[in-house]
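Colleague: Before I set up any calculations, I would like a close look at a single part of this protein, taken slowly and with its surroundings. Please walk me through it in one connected account.

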Amino acid sequence: MVQKAKILLVDDRPENLLALEAILSALDQTLVRASSGEEALKALLTDDFAVILLDVQMPGMDGFETAAHIKRRERTRDIPIIFLTAINHGPHHTFRGYAAGAVDYISKPFDPWVLRAKVSVFVDLYMKNCQLKEQAALLRLQLEAGEAASLGGPLLGELSARLAAVEEQAEALTKQLDDSDEPGAAATSAHLERKLAGLRAALDALRPGAS
């Protein structure tokens with residue numbers, strides 16, 4: 001049974017959290033609520049998340065400060081953050097969001113389909129990443145046990161095929177983002193490219209003869 005990915009929803013307004021849950025329920029993943037930045041940071045101490053949807057305007061610790069804490073932690077710094085804001089922001093406000101480490105910055109009211117599609121990409125990337133790590137660990141055990149000849153080749157081929165499918169999906173998304181006028185397109189594309197490049201490098205390092 002494939003374990004579901006966790007998506008962290010951070011907003012101080014219960015009705016907003018309810019709306020996000022309604023939009024993202026179709027993804028059939030585990031949705032975790034946090035009503036403050038402090039509550040979000042507490043959840044991140046124990047659980048791994050595929051993506052974080054973070055409201056900008058919150059009493060106490062706002063979204064920018066929360067994101068700064070997330071990016072300072074080794075455990076959580078690579079989790080993609082999508083900022084959600086009701087503020088009629090200008091370029092400076094948007095820049096502050098990306099400077100805080102967001103991969104996207106979406107203004108309310110937003111298109112539910114677009115939000116769900118963007119979250120789905122990061123969930124798929126996270127799930128494939130988890131599968132690749134598990135299978136890479138299995139392959140290392142097999143290599144250490146001297147089973148590379150019989151099992152290493154087929155498993156490497158399966159890993160490569162899985163990663164190629166994710167790369168194809170990410171390439172399609174990148175093209176879609178490049179054709180859009182969204183200010184966060186470049187940041188989202190860059191994040192995907194970095195994650196996929198890291199996975200491909202790790203997979204190549206497992207091949208026979210790799211140094």
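Modeller: Let me begin with the pairing of strand 4 and strand 5, the latter covering residues 104-107, which run parallel to each other over four bridges. Within this pairing, Ile82 has Asp104 of strand 5 standing opposite. Please keep in mind throughout that this is a predicted model.

On its other pairing, strand 4 joins strand 3, again in the parallel sense and again over four bridges. Two of the residue pairs can be named here: Ile52 has Ile81 of strand 4 as its bridge partner, while Leu54 is partnered by Phe83, likewise in strand 4. Between these two strands the chain passes through helix 3, and the β-α-β crossover made in this way, from strand 3 to strand 4, is right-handed.

Strand 4 is mostly covered, with five of its five residues buried. The cover extends to both faces, since Ile81, Phe83 and Thr85 are buried on one side and Ile82 and Leu84 are buried on the other.

Strand 3 can be described in similar terms: because five of its five residues are buried, each under 20% relative accessible area, the strand is largely enclosed by the rest of the structure. Here Val51, Leu53 and Asp55 form the buried set on one side, and Ile52 and Leu54 form the buried set on the other. Strand 3 also pairs with strand 1, in the parallel sense and over four bridges, and in that pairing Val10 stands opposite Leu54. Leu54 therefore has a place in both pairings of strand 3, facing Val10 on the strand 1 side and Phe83 on the strand 4 side, with the burial of strand 3 as the setting, as five of its five residues are buried.

These names return when one turns to the nonpolar packing. In general, nonpolar side chains in soluble globular proteins tend to be buried together. The largest nonpolar core here has 23 residues, of which Leu8, Val10, Leu44, Phe49, Ile52, Leu54 and Phe83 touch the most other members. Two or more residues come from each of strand 1 (6-10), strand 2 (30-34), helix 2 (37-46), strand 3 (51-55), helix 3 (63-72) and strand 4 (81-85), and helix 2 gives the most, with four residues. Apart from this core lies another, of 20 residues, and among its members are Leu20, Leu24, Ala50 and Leu84.

To place this region in the whole, the protein has seven helices and five strands, which follow one another along the sequence as β-α-β-α-β-α-β-α-β-α-α-α. Buried residues account for 43% of the 211 residues. Of the contacts between residues at least 6 apart in sequence, 66% join residues at least 24 apart. The exposed area of the protein is about 11100 Å², and carbon and sulfur atoms supply 55% of it.

Two further sites may be useful for comparison. Glu21 sits in helix 1, residues 14-24, and its side chain makes a polar contact of 2.8 Å with the side chain of Arg33; leaving aside neighbours within four places in sequence, Glu21 is in contact with Leu9, Leu31 and Arg33. Ala165, for its part, belongs to helix 6, residues 148-178, and counts as partly exposed because its relative accessibility is 42%. The C-alpha atoms of Ala165 and Lys128 are 9.4 Å apart, although 37 residues separate the two along the chain.

Definitions and conventions
Residues numbered from 1 in each chain as written. Predicted model: local features only at pLDDT ≥ 70, side-chain atom pairs only at ≥ 80, totals over all residues. Heavy atoms only, no water. Buried < 20%, exposed > 50% of the residue type's maximum accessible area, 1.4 Å probe, protein only. Contact = heavy atoms within 4.5 Å. Areas by Shrake-Rupley, 256 points an atom, 1.4 Å probe, with all protein chains shown as cover. Polar contact = N/O pair within 3.5 Å; in protein donor to acceptor, adjacent residues only side chain to side chain. Core = buried A, V, L, I, M, F, W, Y, C linked by side-chain atoms within 4.5 Å. Pairing = 2+ DSSP bridges. Right-handed = clockwise from strand over helix to strand, strands pointing away.
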